[in-house]
Amino acid sequence: MKEFSVVIAGGGSTYTPGIVMMLMDSLDRFPIRSLKLYDNDPERQKIIAEAVGIALKKKAPQVAFSYTTDPAVAFTDVDFCMAHIRSGGYPMREKDEKIPLQHGVVGQETCGPGGIAYGLRSIPDIMQLIDYMEQYSPNCWMLNYSNPASIVAEACRVLRPHARIINICDMPVGTLRRMSYIVGKTPKELDVRYYGLNHFGWWTSVKGKDGTDYTPQLIDYVSKNGYLTQKAIETQHMDESWQATHKKAADLLAVTPDCLPNTYLKYYLYPDYVVEHSDPNYTRANEVINGREKKVFGAARSIIAAGEFKGDEFEIDNHASFIVDLARAIAYNTHERMLCIVENKGAIENFDPHAMVEVPCLVGNDGPEPMCQGEIPTFQLGMMQQQVAVEKLVVQAYCEHSYQKLWQALTLSKTVPSAKVAKEILDDLIEANKDYWPELH
Ligand code: NAD
Ligand code: G6P
Ligand code: MN
């Protein structure tokens, strides 16, 4: 059996330990000979790397492990790059969230003006990772979680159309897990039909492998409780803000009662509610800095201090299992059905063939093959046309260094009330991002 070589880009990410744990637990079905971490922040990466290095010595001493900030070392002789970088880190995420809120507009990591700002920072960094991969390991596949995934995916389509990169999101698999609790199945026992853009989509069907249709049962449950389940609360130690988001899905469903919404639609369907329930001085970035980041880095530091890995310090979740399943599907040509962000090319029949959409795909050696989801209704179509234009304008603004197109992008976002407010937010974002964005004119 071939043994694979993997590099994790964004080695210092809070998600790296979970993915490493998952890789270790999956060696019998996805054997690896080498694991490297790569990051451009040596201090941050060192803490995670030293800790997972101790864990690896115990769990899988046969896997060669190293970490580096040198792209040549990182990207030479690798089969898979699992990428999850955050350009600008949490300090810039905080600005993405707080600046729009100062103008009474949704402040979110991937949606609205914050997502647009993050997109302009991520594009050059992801293009650089692709270039390293192509230079040092041309047959490598990049499985990319780095956000904002929809804008990143559109930039890949335009700027690196032949790159072996698959952009993915863990929200649909996370929601499928919640659905599986509701209907008493496991996620792998369910097949879905789904269409949309990243963080902007709907499930039209959730069925068991035996053909049992769970969609009506799920619609009934979600119309009352959203995706909030007691089991999910207990098993996933979920922050309260995420619990509220899952609950809010009931109100999203009310708008499209025959299909199940992605929770991220709350930023577009209820932006006024979101703003009212946001604290402009303490946003999700602050929660993550004081929560997940402290927890993961705290666990890493105690492993290093003890010089020992007990085994339960890091959690494996959907996020980790999905990316390992995806690597496995490519490596072994399994044609497993998974949601990926791909060029539409008719998968959503009545939608722009050149839009990057999120749909079920069969994944094998050649990457994802999208499955046709048919025609979609006028309401969803209208929302998607508006949002995809925002994403395309952001990438055009990046390529052309165009202030005008970025202003149009912000103006068109359903989260922004007027061209006036869009301009005010844009001018603040330009100032905040001057070390990252291209100069616009
Ligand atoms: P984090 O800040 O903890 O980790 C990101 C790491 O990337 C940091 O160590 C940082 O130094 C590094 N980095 C930044 N720019 C880099 C570059 N150009 N080259 C190499 N390394 C670089 O962030 P996190 O909360 O762990 O999230 C990581 C990323 O994963 C974010 O983009 C986040 O939005 C994304 N994410 C996506 C999904 C999804 O559904 N697609 C799910 C979870 C997280
Ligand atoms: C979900 C989304 C990701 C997003 C993450 C944010 O998993 O799919 O795209 O990055 O949530 O979570 P956080 O806990 O950092 O707010
Ligand atoms: Mn996502």
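# What earns each label

Tutor: Look at helix α1 (residues 16-25): it is mostly covered, with nine of its 10 residues buried. Before we go on, this is a predicted model, where local features need pLDDT of at least 70, side-chain atom pairs count only at pLDDT 80 or more, and totals for chains, interfaces and linings use all residues. Residues are numbered from 1 along each chain as its sequence is written, chains are lettered from A and ligands numbered from 1 in the order in which they are written, and side-chain values use heavy atoms, with hydrogens and water left out.

Student: What makes a residue count as buried, and which residues of α1 do?

Tutor: Buried means under 20% relative accessible area, exposed means over 50%, and partly exposed is in between (1.4 Å probe, protein chains only). In α1, the residues that pass are T16, P17, G18, I19, V20, M21, M22, L23 and M24.

Student: What covers those buried residues?

Tutor: The cover includes strands β1 (4-9), β2 (32-38) and β4 (80-83), along with helices α2 (42-59), α13 and α14 (318-331).

Student: How do you know what to call a helix or a strand?

Tutor: Both are DSSP runs, numbered from the N terminus: helices are H or I with at least four residues, strands are E with at least two. By that count the chain has 17 helices and 12 strands.

Student: Why is the chain called as compact as a globular protein of its length?

Tutor: The globule rule is 2.2 Å times the number of residues to the power 0.38, and the radius of gyration is taken over C-alpha atoms. For 441 residues the rule gives 22 Å, and the chain comes out close to that at 21 Å, so the label fits. Along its principal axes, the C-alpha trace spans about 55 × 55 × 40 Å. Buried residues make up 57% of the 441.

Student: OK, on to single residues. Why is R93 called buried?

Tutor: R93 has 6% relative accessibility, so it falls on the buried side of the cut-off. You'll find R93 in helix α4 (residues 89-102).

Student: What does R93 touch, and how do you know that they touch?

Tutor: Contact means heavy atoms within 4.5 Å. Skipping residues up to four places away in sequence, R93 touches R86, E109, R121, R284, A285 and V288. One of those partners, R284, sits in helix α13 (residues 284-306). With the same kind of neighbours skipped, R284 touches R93, E97, D239, S241, W242 and R292. The UniProt annotation "binding site", from an unreviewed entry, covers R93, N147 and R284. Treat it with care: annotations may be inferred rather than shown by experiment, feature names are shortened, and positions are given in the numbering used here.

Student: What about M133: buried or exposed?

Tutor: Buried, because its relative accessible area is 1%. M133 lies in helix α5 (residues 112-136). Apart from residues up to four places away in sequence, M133 touches F75, P138, C140, W141, M142 and R164.

Student: And why is P280 called partly exposed?

Tutor: P280 has a relative accessible area of 40%, so it lands in the middle class. Its place is the loop between α12 (271-276) and α13. Leaving aside neighbours within four places in sequence, P280 is in contact with K98 and L101. The C-alpha atoms of P280 and E97 are separated by 8.2 Å, although the two are 183 residues apart along the chain.

Student: What makes the bond between N147 and P148 worth a look?

Tutor: It is a cis peptide bond, with omega about -10 degrees. P148 is in the loop between β5 (141-144) and α6 (149-159). Most peptide bonds are trans, and most residues other than glycine have a negative phi.

Student: What is the phi of H199?

Tutor: It is positive, about 55 degrees, although H199 is not a glycine. H199 is in the loop between β7 (190-197) and β8 (200-208). At 5% relative accessibility, H199 counts as buried.

Student: How about N333?

Tutor: N333 also has a positive phi of about 55 degrees without being a glycine. N333 lies in the loop between α14 and β10 (336-343). Its relative accessible area is 33%, so N333 is partly exposed.
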